[in-house]
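Good morning, and thank you for coming. I would like to take you through one protein chain, beginning with the overall picture and then turning to particular residues.

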Amino acid sequence: MRTFAKSRIRYSKSQRMGIFAFLIVLIGFQFLNFFLSQSEPVYEVAEVPEDVLHLDLQLASAKTSTNSSEYSLENFDPNKLSAEEWQKLGFSEKQVNTILKYKYSIGGYFSDKEEIKNCFVISEKKFSEIEPFIVFEDLNRYENSRNSYFNSKSPKEAKTKIRYEKFNPNDYTLEDWKRIGFSEKQATTILKYKKSRGGKFNSLQEIAACFVISDEKFAEMKPYMVLPTVKSKGEIKLLEEEAEVSEPKPLKIESFNPNELRFDEWLQLGFTEKQANTILNYKKSLGGKFKDAETFGKCYAVSTEKLAELEPYMVFD
């Protein structure tokens with residue numbers, strides 16, 4: 001049976017060729033349209049009003065000015081910078097607070113660039129950025145100001161001439177120390193320092209080592225201080241007679257971990273209260289732990305001689 005298509009639709013050979021040619025032309029147009037769409041579009045140049053261009057230039061200039069002022073660096077003394085000036089160097093408010101606390105913990109000022117680098121909130125990248133501009137001025141005035149803080153007197157006290165008599169420093173009370181020119185805070189510190197030495201001064205050098213007693217004050221008191229000790233057969237000799245020739249007894253030191261020592265244990269190693277506090281604050285600024293003896297030796301309160309004395313006994317985790 002013939003289908004409807006076969007019976008109703010019939011094309012001649014020429015008609016079939018025409019349809020085939022039409023399809024080829026249609027497909028060609030599709031390909032041409034595709035390739036034309038892949039070429040770069042052509043834009044017309046629009047004219048921008050002059051006031052808009054002027055405003056755009058002002059905004060770009062202001063942005064450039066802000067960025068340049070934010071990162072513009074000049075020579076600066078890190079001991080003189082205020083909190084706001086540290087922030088202008090690119091530090092956050094929290095970082096600045098940490099930097100200032102760290103500076104206080106190492107004695108109130110930075111003595112070299114290495115101390116600044118050791119502050120854990122200052123990254124190596126940031127330190128390398130500011131390091132060429134760090135300039136230290138006269139550091140002696142910071143040392144002098146710290147000493148004068150502990151030895152300062154009121155004008156009334158400065159004018160009062162002290163009448164000394166021979167005295168045994170081990171017998172002096174708080175009021176006795178105040179009577180010869182020390183403030184209550186200084187007198188309290190002296191008594192605490194004596195307690196840290198085992199409850200008594202064993203030599204004049206120990207008294208001179210107390211950080212609230214200036215060299216000038218010690219020289220003033222020295223002719224009147226007596227430290228009697230009982231010798232064999234009841235003979236009594238004054239320790240100051242031996243002071244110039246005898247060396248202080250060396251401390252008995254055993255192996256210890258600096259990261260585990262408490263305040264009183266630092267005192268037993270021969271440090272003053274202020275030095276012990278500085279060491280503990282410095283350790284805290286490092287994250288609560290000394291990495292090695294070299295890091296410990298960078299603490300302001302630890303002298304080169306003291307580090308050499310303690311280093312053979314130091315053990316780190």
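**Overall picture**

Among contacts in the chain between residues at least 6 apart in sequence, 54% join residues at least 24 apart. Please keep in mind throughout that this is a predicted model. In terms of secondary structure, the chain has 17 helices and two strands. The chain contains 317 residues, and buried residues make up 30% of them. Its accessible surface comes to about 22500 Å², with carbon and sulfur atoms accounting for 55% of that area.

**Two helices, α11 and α15**

Let me turn to two helices that I shall describe in parallel. Helix α11 covers residues 184–196, and its 13 residues should span 18 Å at 1.5 Å a residue; the C-alpha atoms at its ends are 18 Å apart, so the two values agree. Helix α15 covers residues 273–285 and also has 13 residues, for which the expected span is 18 Å; here too the end C-alpha atoms lie 18 Å apart, in agreement.

Which residues of α11 are buried? They are Gln-186, Ala-187, Thr-189, Ile-190, Tyr-193, Lys-194 and Ser-196. In α15, the buried residues are Glu-273, Ala-276, Thr-278, Ile-279, Tyr-282, Lys-283 and Ser-285. As general background, an α-helix has 3.6 residues a turn, so residues three or four places apart point the same way.

What follows each helix also deserves a remark. After α11 comes Gly-198, which has a positive phi, near 100 degrees. After α15 comes Gly-287, and its phi is likewise positive, near 100 degrees.

One residue of α15 leads us to another helix. Ala-276 and Asp-264 are 12 residues apart in sequence, and their C-alpha atoms are 8.2 Å apart in space. Asp-264 itself belongs to helix α14, residues 263–268. With a relative accessible area of 33%, Asp-264 is partly exposed.

**Salt bridges**

I move now to the charged side chains. How many salt bridges are counted in this model? The count comes to 12, and I shall describe three of them.

The side chains of Lys-178 and Glu-175 form a salt bridge, with N and O 3.8 Å apart. Both residues lie in helix α10, residues 174–179, and they are three residues apart, about one turn of the helix. Lys-178 counts as partly exposed, because its relative accessibility is 30%, and the cut-off for buried is under 20%.

In a second pair, Arg-197 forms a salt bridge with Glu-206, and their closest N and O atoms are 3.6 Å apart. Are these two partners buried or partly exposed? Arg-197 is partly exposed, at 21% relative accessibility, whereas Glu-206 is buried, at 14%.

In a third pair, the side chains of Arg-262 and Glu-265 meet in a salt bridge of 3.7 Å, N to O. Glu-265 is partly exposed, at 23% relative accessibility. Beyond single pairs, Glu-175, Lys-178 and Glu-184 are joined into one network by salt bridges that share partners.

**Cysteines and a buried tyrosine**

A point of interest at the bench may be the cysteines. A disulfide is a covalent bond between the sulfur atoms of two cysteines. How many disulfides does the structure hold? It holds zero. Cys-119 is buried, with a relative accessible area of 2%, and Cys-299 is buried, with a relative accessible area of 2%.

Tyr-109 is located in the loop between α5 (93–105) and α6 (113–117). Its relative accessible area is 8%, so Tyr-109 is buried. Along the chain, Tyr-109 and Lys-80 are 29 residues apart, and 9.1 Å separates their C-alpha atoms.

**A nonpolar surface patch**

I close with the surface. Which residues form a nonpolar patch there? The patch consists of Tyr-11, Ile-19, Phe-22, Leu-23 and Leu-26, which together have about 500 Å² of accessible area. Of these, Leu-23 is placed in helix α2, residues 13–38. At 43% relative accessibility, Leu-23 counts as partly exposed, since that class lies between the 20% limit for buried and the 50% limit for exposed.

Thank you for your attention.

Note on methods: Residues are numbered from 1 along each chain as its sequence is written. This is a predicted model: local features need pLDDT of at least 70, side-chain atom pairs count only at pLDDT 80 or more; totals for chains, interfaces and linings use all residues. Side-chain values use heavy atoms; hydrogens and water are left out. Patches are made of residues with over 30% relative accessible area and no salt bridge: like charges are joined within 9 Å, nonpolar side chains (Val, Leu, Ile, Met, Phe, Trp, Tyr) within 5 Å. Accessible areas come from the Shrake-Rupley method with a 1.4 Å probe; for residues, only the protein chains shown count as cover. A salt bridge is a side-chain nitrogen of Lys or Arg within 4 Å of a carboxyl oxygen of Asp or Glu. Helices (H or I, at least four residues) and strands (E, at least two) are DSSP runs, numbered from the N terminus. Buried means under 20% relative accessible area, exposed over 50%, partly exposed in between (1.4 Å probe, protein chains only). The expected span of a helix is 1.5 Å times one less than its number of residues. A disulfide is a pair of cysteine sulfur atoms within 2.5 Å. Contact means heavy atoms within 4.5 Å.
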